[in-house]
Amino acid sequence: MGCVSSKESRRRPQGYEDPNTLARETTFSVNEVEALYELYKRISYSITKDGLIHKEEFQLALFRNSNKRNLFADRIFDLFDLKRNGVIEFGEFVRSLDVFHPDTPVEEKIAFAFRLYDLRGTGFIGREELKEMVLAILNESELLLSDDAVEEIVDQTFRQADMNGDGKIDPDEWKVFASKNPALLKNMTLPYLK
């Protein structure tokens, strides 16, 4: 990489971290981190132009529409915003994207998916959280199902996942359920990240 001039380092956005450091801490190579920085710059300068990814920019990158509300996008943004300061810095972006890398262990993908579905951050997935996520998936897919069909999906999922019958899915139950239902994780690997 060579030396970075002081002029170049002043142009780096808030939250910028050295690609070598990020490559050591993630599954990404230095070249992949540098490519992610180019993507990060495009996203972070799309609306606010401050070198940080705001929720509207994140929505725009995912849906080409910054006004479309989406539970998945909101949850993923919240999980990427590791510092909980309302923006995604470059280091957070790379560390969070790491879970989608093809070489990331499936256990990490399962844990991320659990946090995605645990809407209230309680450490378990309740029936209402699961229903909200099912409705969000159906809405995003533009599938219209009757209320009865949605309830059946939620009931069947709970029958399979809530192994101890306490009315909630804990991380261990989720791990078993996700292992038996790999389709849950199909979007957790983005081959082009490698």
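**Exercise 1. Find which residues lie nearest the centre of the largest pocket, and how many residues line it.**

Solution.
Step 1. Count the lining: 41 residues border the largest pocket.
Step 2. Go to the middle. Phe72, Ile76, Phe100, Asn187 and Met188 lie nearest the centre.
Keep in mind that this is a predicted model.

**Exercise 2. State the volume of the largest pocket and sort its lining by class.**

Solution.
Step 1. The volume is about 1,400 Å³.
Step 2. Sort the lining residues. There are 29 nonpolar, eight polar and four charged ones.

**Exercise 3. Name the helices that each supply at least two residues of the lining of the largest pocket, then pick the one that gives the most.**

Solution.
Step 1. List the helices: α3 (30–44), α4 (55–63), α5 (71–80), α6 (90–97), α7 (106–117), α8, α9 and α10 (171–180).
Step 2. Pick the top contributor. α4 gives the most, with five residues.

**Exercise 4. Describe how helix α8 and helix α9 cross.**

Solution.
Step 1. Locate the pair. α8 spans residues 127–140, and α9 spans residues 147–161.
Step 2. Compare the axes. They come within 10 Å and cross at roughly 130 degrees.
Step 3. Classify the angle. It is neither over 145 degrees nor in the range 65 to 115, so α8 is oblique to α9.
Step 4. Give the hand: the crossing is right-handed.

**Exercise 5. Which residues of α8 and α9 meet, and what are their classes?**

Solution.
Step 1. On α8, take Arg127, Leu130, Lys131, Val134, Leu135 and Leu138.
Step 2. On α9, their partners are Val150, Glu151, Ile153, Val154, Asp155, Thr157 and Phe158.
Step 3. Sort the contact by class: eight nonpolar, one polar and four charged residues.

Key. Residues numbered from 1 in each chain as written. Predicted model: local features only at pLDDT ≥ 70, side-chain atom pairs only at ≥ 80, totals over all residues. Heavy atoms only, no water. Axes fitted to C-alpha atoms, helices over the stretch in contact; angles between N-to-C directions. Helix = DSSP H or I, 4+ residues; strand = E, 2+ residues; numbered from the N terminus. Parallel < 35°, antiparallel > 145°, perpendicular 65-115°, else oblique. Left-handed = near helix turned anticlockwise from the far one by under 90°. Contact = heavy atoms within 4.5 Å. Nonpolar A, V, L, I, M, F, W, Y, C, P; charged D, E, K, R; others polar. 1 Å grid on protein atoms, 1.4 Å probe; cavity = no way out; pocket = protein on both sides within 12 Å on 5 of 7 lines; lining within 4 Å. Points joined across faces, edges and corners; volume = space filled by probe spheres on them.
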